Amino acid sequence: SWQPMPVWQNINLKQKAVFEIIQRPHARDLPYYLSGLELDFFVKGIAWGPHRYTYLPQLLERHKRPIYVARGYAPPTYSRLVKLRFYGPDPVLRDHEGWDAGEEGEVMEYVIGWRWLYAYWPGPLVDEVERAWDTPMWPDIAKPDWTWEGLRFCVPPYFIPEDGLPWRKGRDAEFQPIRVTKGKGRGKGRGANSKVTSPTAVPVAQASPAETTGTAHVSGSEGGAASGTRED
């Protein structure tokens, strides 16, 4: 069974479902090749991430098992890798001189960090939903009629911008940062007669949603070098 992750900071609900899937198989059953609904879910996850226009268009056909879960390099039991199988040349390395990007039609592999899946999905974070950290997300969140409406939301222990999302409405104003400015003091001493005013707290103007919107940087492993062999 999948193991609870110690920290879910900035991980959304669909990414948690991805984590559940890659943790479900026992280590002795790896590699685990995705199929059916799981394969569909991962393909959509790639489309919601930075590799939508790189590895996704070059994935192998479904019957050739284009995505699978492999044992990770680190000792913990939850250390797993997500590997993509695609037709070369490597869409990232081919534009960099000195790197072996493979040949046209060569079957290659790429290790994709699981956090890149659904990285740009505009849905709730795990830490925004009550008890989401210990509530299974798969397979319900993959259903076409799934919606965030009806979830019980909470405020995470770290700042996240509103980004125009309805369940975060008003949060920017509620958690407006405070800047402390030094008052204009008179005198050098701190005795009873010294005239040093107390620091004054003033609110800092918030950036508009348009100014805070941008490409997200997702923490986590970034895939390694691609390798492969020609398929006849």
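## Exercises around Lys 83

Lys 83 stands opposite Val 111 in strand E4. Keep in mind that this is a predicted model. Let's work through what surrounds this lysine.

**Exercise 1.** Find the strand that holds Lys 83, and work out which strands pair with that strand.

*Solution.*
- Step 1: look up the position. Lys 83 lies in strand E3, residues 80-87.
- Step 2: check one side. E2 pairs with E3 in the antiparallel sense, over 5 bridges. In that pairing, Ala 70 has Leu 81 as its bridge partner.
- Step 3: check E4. E3 and E4 also run antiparallel, joined by 6 bridges.

**Exercise 2.** Is Lys 83 buried or exposed, and which side chain of opposite charge is nearest?

*Solution.*
- Step 1: start with the strand. E3 is mostly covered, with 7 of its 8 residues buried.
- Step 2: now the residue. Lys 83 is buried too.
- Step 3: look for a charge partner. The nearest candidate is Glu 109, 4.1 Å away. A salt bridge needs the nitrogen within 4 Å of a carboxyl oxygen, so this pair doesn't count. Lys 83 ends up with no salt bridge.
- Step 4: list the company. Skipping neighbours within four places in sequence, Lys 83 is in contact with residues including Pro 66, Tyr 68, Glu 109 and Val 111.

**Exercise 3.** Which elements give two or more residues to the largest nonpolar core?

*Solution.*
- Step 1: get the total. This core has 37 residues, and Phe 41 and Leu 84 are among those with the most contacts inside it.
- Step 2: name the contributors. They are helices H1 and H2 plus strands E2, E3 and E4.
- Step 3: find the top one. H1 gives the largest share, 6 residues.

Key
Residues numbered from 1 in each chain as written. Predicted model: local features only at pLDDT ≥ 70, side-chain atom pairs only at ≥ 80, totals over all residues. Heavy atoms only, no water. Helix = DSSP H or I, 4+ residues; strand = E, 2+ residues; numbered from the N terminus. Buried < 20%, exposed > 50% of the residue type's maximum accessible area, 1.4 Å probe, protein only. Lys, Arg positive; Asp, Glu negative; His and termini not counted. Contact = heavy atoms within 4.5 Å. Core = buried A, V, L, I, M, F, W, Y, C linked by side-chain atoms within 4.5 Å. Pairing = 2+ DSSP bridges.
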